[in-house]
Structures are given as structure tokens and as C-alpha cells.
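Grab a coffee and open the viewer. Here are some exercises to work through with the structure on screen, each with a worked solution.

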Amino acid sequence: MPDNTTPSADQPSTEPAIRIGGLQHSFGEGELRKQVLFDNELEVARGEIVIMTGPSGSGKTTLLTLIGTLRTVQAGSLNVLGCELRGASARRLIDLRRQIGFIFQAHNLFESLSAYQNVKMAMELVGVAPSEMKPRATEMLSRVGLEHRIHYKPAELSGGQKQRVAISRGLIHRPRLILADEPTAALDEKSGRDVVTLFQELATREQVTVLMVTHDNRILDVADRIVNMVDGRIKSNVLVKESAKICEFIKGCSVFTQLTPRTLTQVADQMVPEKVAAGSVIIRQGEPGDKFYLIRHGEVDVIVEKDGTDQTVASLGEGDFFGEAALLTGEPRNATIRAKTDASLYWLGNEVFQTVMRTSASFEEELRKSLFERQ
Ligand code: CMP
């Protein structure tokens with residue numbers, strides 16, 4: 001059981017998952033000493049998917065193993081899920097390791113154990129209740145398309161199938177951070193895509209952070225950030241254009257379905273991402289309205305105060321919007337909106353909102369309809 005000094009999932013979600021400052025690393029001693037990492041800085045937010053690229057020998061794997069607590073930090077600072085690794089006690093490192101999922105290229109599967117038994121072993125290490133093991137392992141192996149291979153041993157599986165067992169084993173204990181080294185290298189295009197889609201689901205729904213080393217340019221599109229390493233130094237650290245992602249998301253939200261691609265892109269360009277922690281108030285009843293919100297993930301409660309008592313009248317989730325009423329009517333906010341879970345939102349300022357309304361009759365129509373339905 002993790003002790004109470006353990007950094008855990010209940011850390012505030014705004015704290016970065018990884019914070020690296022002045023990190024250096026060398027191998028060998030004396031004259032043979034060779035420095036492989038030089039003064040690296042990096043910050044990765046929770047729920048971010050980061051792809052690390054760079055030539056072999058550039059230090060990517062060393063960095064990955066340092067973050068995974070598999071090597072000792074020698075110089076600089078490395079904070080992972082709220083825990084400073086430099087000088088951390090062995091106990092703390094073990095607790096932290098339980099929150100990390102490792103997917104390394106060399107599968108290291110036990111040849112004498114079936115796919116199911118290999119995955120089960122990972123659950124035994126973190127103390128999952130025995131009754132939960134079978135359904136969990138079956139679900140995970142099915143998610144990676146191995147439902148018909150559950151009882152096969154590694155020798156009876158192809159390279160790609162073995163890799164998928166390794167992926168299941170790395171994810172089965174529901175880690176907060178996934179560290180993966182070339183996870184899709186042995187996979188065909190479809191299986192590779194399935195694996196990164198699974199990563200995306202975990203990142204979006206559960207704020208799991210993913211850091212993967214890859215040269216597979218078929219999957220670059222899932223990255224929120226691409227970090228390139230050369231000669232032990234982070235050479236570039238690019239945040240992939242958020243608006244392309246927003247556009248992809250809002251296309252599927254009912255209120256925006258009628259917008260032309262051009263307007264969609266314009267809206268996405270103006271949307272501002274905001275993360276809120278569970279319990280925080282986003283809108284307060286009675287205050288003037290200035291923003292329109294869309295929920296990227298998470299849930300919020302709509303609370304209406306009447307005759308001195310608060311009543312939760314609705315809960316809204318992914319793809320829902322709120323805050324339209326005050327902007328449409330000019331009246332004060334008609335309800336309080338409080339985050340029920342940690343949530344990611346996008347908001348549009350009033351001015352942009354009014355412009356979109358003028359450009360798209362269908363957008364206004366959808367909103368007016370909801371105004372009526374939400375009375
Ligand atoms: P606004 O009045 O700007 O701010 C509070 C928001 O709560 C309001 O816009 C709506 O978006 C939302 N809201 C109010 N009542 C309901 C309801 N019954 N169901 C869903 N959302 C609501």
C-alpha cells in the first residue's frame with residue numbers, strides 16, 4: 001500500500017506530470033566517464049502525449065529510464081508526478097514506480113507463461129484483488145485485439161502480438177504515466193493505430209500522461225508535443241498546434257456540426273483551453289456573463305439557487321456546452337457551474353462568440369433551442 005508521503009493521482013491536476021531542470025547524466029567513471037545528457041529542461045502537463053525523437057545514442061532512452069526511476073539522478077532536478085527523484089528514498093521510488101507503466105521494446109515476456117499469466121503477474125506486483133484479475137486482464141487483452149490469444153505463450157505469438165501483450169502488461173495496473181520505447185515498432189499500421197488510440201483515450205479520459213520514444217512517423221499526429229533530442233540535449237520542444245486538435249474535437253460537438261470547415265477553423269483558433277480542478281466554480285449564478293464554454297473532458301454540475309437552497313439541475317459532460325444563456329440574453333448567469341471532476345474546457349470570449357453567431361445562423365439556432373430546453 002502506498003504510504004501517505006506518496007505522490008498520487010490526487011495531486012492537483014494543474015501540477016505538471018514531469019518537470020526537468022538542469023538534468024545531466026554520465027556513464028562510467030574517471031577517464032572513461034562519458035556525459036550523455038546535458039542541462040536538459042522540460043515540462044510536461046498531465047494528460048499530455050509527448051513524442052520524443054532523435055538519432056540513436058542521443059540520450060532519449062537514458063532520459064526515459066531516469067524519468068521511470070530505473071536510473072539514479074546524478075545532477076539537476078527531476079520531478080515526476082509530484083515527487084522529486086533526486087535524493088528520494090528507495091521506498092518512495094517504489095511507490096512512484098507503481099504509478100508508471102513501462103512499455104519497452106525488448107518485450108521481456110516470460111516464455112513459460114501465457115499472455116494472460118504475463119499480464120496477471122503485473123497485477124500481482126501492485127496488489128490487485130485476485131477476483132478482479134481475470135476480468136481486467138481479459139478486457140485489456142481484448143482491447144489490443146488479443147481476445148483469441150489469451151492463453152497462448154509468447155513462442156506461439158507473432159512479434160506484433162507479443163508487443164501487444166507487453167503493452168497490456170504495461171497498462172494493466174492503470175498507471176498515471178506511461179513510458180514507452182518504440183511501442184509501435186513491431187506492429188502493422190492498424191495495430192499501431194489501435195495502440196496509440198488507446199493511449200489517447202487514457203490521456204483524454206483519465207489524464208494519463210504518455211511519453212514515448214518513436215521513429216514511427218505514422219503516429220506523430222497523436223502528439224501534443226514533440227521533443228527532439230540531439231547529442232544529449234533537447235534541441236526542440238514543440239507544442240503541436242492546439243487549434244488543429246480543437247477543430248477535430250468541436251467538429252463532433254452537436255452545436256458546431258453545421259459550421260463550415262472555414263468557420264470551424266476560425267472558432268478553433270480563438271478557443272482558449274483551460275483546466276479546472278474538481279470542486280472549483282467556473283460560473284457563478286447572478287454574475288454577468290463573458291465566456292461561452294465547451295467541455296473537452298470531465299463533468300460539471302449545473303446548480304440553481306432558489307429560495308436559499310442549492311439544487312443540482314443537470315450534469316454536463318464531454319462535448320456539452322454551457323454559459324450561452326447570459327451571452328444570448330444579456331441577463332446574469334442563471335446557474336452556478338461547478339466542476340464535478342477535474343475537467344478540461346475550451347472557452348470563447350463574448351466578442352468572438354457574437355461573431356460566430358453572426359456568421360452562422362445554425363449555431364445561433366442550436367443555442368436558442370437549448371435555451372428553451374434548459375428552462
Ligand atoms: P448562463 O446563464 O450563461 O450561465 C449558467 C449556465 O448554466 C447557463 O448559461 C446554461 O448554459 C447552464 N444551464 C442553466 N440551466 C441549465 C439546465 N437546466 N440544464 C443544463 N444547463 C443549464
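The exercises below go through two sheets, a few single residues and a helix pair in this predicted model.

**Exercise 1. Work out the strand order of the six-strand sheet, and find which strands sit at its edges.**

Step 1: Trace the sheet from one side to the other. The order is 6-7-8-3-9-10, the sheet is open, and the pairing is mixed.

Step 2: Look for strands that pair on one side only. Those are the edge strands, strand 6 (100–103) and strand 10 (233–239).

Step 3: Check how neighbouring strands are turned. On average they are turned by 15 degrees against each other, direction ignored.

Step 4: Zoom in on one edge. Strand 6 pairs with strand 7 (residues 177–181) in the parallel sense, over four bridges. For a concrete pair, take G101, whose bridge partner in strand 7 is I178.

**Exercise 2. Find which strands helix 1 and helix 5 lie across.**

Step 1: Start with helix 1 (residues 60–67). It lies across strand 3 (49–53), strand 6, strand 7, strand 8 (209–213) and strand 9. Against strand 7, helix 1 runs at about 150 degrees.

Step 2: Move on to helix 5 (residues 159–171). This helix lies across strand 6 and strand 7, and its angle to strand 6 is about 170 degrees.

**Exercise 3. Is R225 buried or exposed, and which side chains does it reach with polar contacts?**

Step 1: Place the residue. R225 is part of strand 9 (residues 225–230).

Step 2: Apply the cut-off. Buried means under 20% relative accessible area. R225 has 12% relative accessibility, so it counts as buried.

Step 3: List the polar partners. The side chain of R225 makes a polar contact of 2.6 Å with the side chain of E48. A polar contact of 2.9 Å links it to the side chain of N237.

Step 4: Add the wider surroundings. Leaving aside neighbours within four places in sequence, R225 is in contact with residues including L42, E43, I49, V50, I51 and V238.

**Exercise 4. Work out whether T209 is buried or exposed, and list what it touches.**

Step 1: Find T209 in strand 8.

Step 2: Check the relative accessible area. The value is 0%, so T209 is buried.

Step 3: Collect the contacts, not counting residues up to four places away in sequence. T209 touches A17, then V44, A45, R46, G47 and E48, and also R176, L177 and I178.

**Exercise 5. Take T69 and D307, which have positive phi values, and decide whether each is buried or exposed.**

Step 1: Read the backbone angles. Phi of T69 is near 65 degrees, a positive value in a residue other than glycine. D307 is not glycine either, and its phi is near 50 degrees.

Step 2: Locate both. T69 is in the loop between helix 1 and strand 4 (75–80). D307 belongs to the loop between strand 14 (300–306) and strand 15 (309–316).

Step 3: Compare accessibility. With a relative accessible area of 6%, T69 is buried. D307, at 78% relative accessibility, counts as exposed.

**Exercise 6. Put the four-strand sheet in order and follow its pairings.**

Step 1: Write down the order, 11-18-13-16. This sheet is open, and its pairing is antiparallel.

Step 2: Name the edges. Strand 11 (272–276) and strand 16 (321–322) each pair on one side only.

Step 3: Walk across. Strand 11 pairs with strand 18 (residues 343–349) over five bridges, and V272 stands opposite W347 in strand 18. Next, strand 13 and strand 18 pair over six bridges. Finally, strand 13 and strand 16 share two bridges.

Step 4: Use L294 as a marker. L294 stands opposite Y346 in strand 18, while its bridge partner in strand 16 is F321.

Step 5: Check how covered strand 13 (residues 291–297) is. Five of its seven residues are buried.

**Exercise 7. Describe how helix 10 packs against helix 11.**

Step 1: Get the geometry. Helix 10 (residues 350–359) and helix 11 (residues 361–373) pack at about 110 degrees, with their axes 5 Å apart.

Step 2: Classify the angle. Values of 65 to 115 degrees count as roughly perpendicular, so helix 10 is roughly perpendicular to helix 11.

Step 3: Pick out the contact residues. Helix 10 supplies F353, V356, M357 and T359, and helix 11 supplies A361, F363, E364 and L367.

Step 4: Sort them by type. Six are nonpolar, one is polar and one is charged.

Definitions and conventions
Residues numbered from 1 in each chain as written. Predicted model: local features only at pLDDT ≥ 70, side-chain atom pairs only at ≥ 80, totals over all residues. Heavy atoms only, no water. Axes fitted to C-alpha atoms, helices over the stretch in contact; angles between N-to-C directions. Parallel < 35°, antiparallel > 145°, perpendicular 65-115°, else oblique. Contact = heavy atoms within 4.5 Å. Nonpolar A, V, L, I, M, F, W, Y, C, P; charged D, E, K, R; others polar. Buried < 20%, exposed > 50% of the residue type's maximum accessible area, 1.4 Å probe, protein only. Polar contact = N/O pair within 3.5 Å; in protein donor to acceptor, adjacent residues only side chain to side chain. Pairing = 2+ DSSP bridges.
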